[in-house]
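Here are a few notes to read with the structure open beside you. Take them one at a time and find each spot as you go.

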Amino acid sequence: MCTLEKRGNVYILTLTGNDEHRLNPTLLDSIRSALRRLRSEPTSPSSVLITTAHGKFFSNGYDLSWARSTTSQSITSSRYMMMSSKLRGLASDLISLPMPTIAAITGHASAAGMAFALCHDYVIMRRDRGFLYMSELDIGLVVPALFVALLECKIGSPKARRDVVLMAAKLTAEMAVEKGIVDKVGGSAEETVEAAVRLGEEMFKRKWDGQVYAKNRMVVMGKVLDELGFDRTVEEENGKGIGSKL
């Protein structure tokens, strides 16, 4: 599911395997377990976390195939709400993590996968492969309120947010830099991770207090935190039978 390793002064969390890294409960629990292990490390408050993935995908969003692999609409809806709940828990874990965080995107990051990436402080994206893509409009779903809060927090331009949500734009790394979504562009997958490591090492030298860093992040991302307890979009749409659309 995922691995956690220390490289120099930074930790690297890698989604393993060559699948799409769909955010089903098993993968979400695995990532959250790795973050709990990281919190327990004595050196973690003065370190940096980098998240990346093997293969063609960083994450292709929620595991909709798993959600609809039942003939019961109520079970499908409950599975969708379970994924939403666990992703909100993961978002809370990342926002409160006592260290800077960097997403090294080496492949496609779609819908919930893009939201997962935006939960990090910095985003570095591979130049020659992958898109950032909020796919909800194209697949007939309402974008969750949490995703909108992340976009409002991370993207300064209203036009850029419009393009992401209401045009379902597929953004390359260079397009995402132009729109202020991605901080840096890397070369190959390995070069993208190495660029993240270099950035992480630079931040490590600042010797910031991790707890203070996390508290400042929580202030900056206050609107996102407001959406973590209850995703009204997901709950309301499920109440109207969203399960039949999955």
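1. Let's begin with a term: two strands are said to pair if DSSP finds at least two bridges between them. Keep in mind, too, that what you're looking at is a predicted model.

2. Now try that on the start of the chain. Strand S1 (residues 2-7) and strand S2 (residues 10-15) pair in the antiparallel sense, with six bridges between them. To find one pairing by eye, look for Glu 5, whose bridge partner in S2 is Ile 12. The two strands make a hairpin with two residues between them. In that turn sits Gly 8, which has a positive phi of about 65 degrees.

3. Next up is an open sheet of three strands, in the order S4-S6-S8, and here the pairing is parallel. Why is one side of S4 and of S8 left without a neighbour in the sheet? Strand S4 (57-59) and strand S8 (132-133) stand at the edges and each has a single partner strand, so there is nothing from the sheet on the other side. As for S6 (residues 108-110), two bridges join this strand to S8. On S6 you'll find Ala 109, and the bridge partner of Ala 109 in S8 is Leu 132.

4. Have a look at helix H1 (residues 25-40) as well. H1 has 16 residues and reaches 23 Å from its first C-alpha to its last, close to the 22 Å expected at 1.5 Å a residue. Its buried residues include Leu 27, Leu 28, Ile 31, Ala 34 and Leu 38. What do the buried residues of H1 pack against? Among their partners are S1 and S2, the hairpin strands from point 2, along with strand S3 (48-53) and helix H3 (73-95).

5. One residue of H1 deserves its own note: Ser 30. Is Ser 30 buried or exposed? The cut-off for buried is under 20% relative accessible area, so Ser 30, at 17%, counts as buried. Leaving aside residues up to four places away in sequence, Ser 30 touches Met 1 and Cys 2.

6. Last, the empty space inside. A search of the whole structure turns up one cavity of 30 Å³ or more, and the largest cavity has a volume of about 70 Å³. Of the 13 residues lining the largest cavity, those closest to its centre are Pro 45, Ser 46, Ser 47, Pro 100 and Trp 208. The lining divides into nine nonpolar residues, three polar and one charged. Helix H9 (189-204) and helix H10 (210-220) each supply at least two of the lining residues.

Key:
Residues are numbered from 1 along each chain as its sequence is written. This is a predicted model: local features need pLDDT of at least 70, side-chain atom pairs count only at pLDDT 80 or more; totals for chains, interfaces and linings use all residues. Side-chain values use heavy atoms; hydrogens and water are left out. On a 1 Å grid over the protein atoms alone, a cavity is a set of points where a 1.4 Å probe fits but cannot get out, and a pocket is an open set with protein on both sides within 12 Å along at least five of seven lines; lining residues have an atom within 4 Å of a point. Grid points are joined across faces, edges and corners, and a volume is the space filled by probe spheres set on the points. Helices (H or I, at least four residues) and strands (E, at least two) are DSSP runs, numbered from the N terminus. Ala, Val, Leu, Ile, Met, Phe, Trp, Tyr, Cys and Pro count as nonpolar, Asp, Glu, Lys and Arg as charged, and the others, Gly among them, as polar. The expected span of a helix is 1.5 Å times one less than its number of residues. Buried means under 20% relative accessible area, exposed over 50%, partly exposed in between (1.4 Å probe, protein chains only). Contact means heavy atoms within 4.5 Å.
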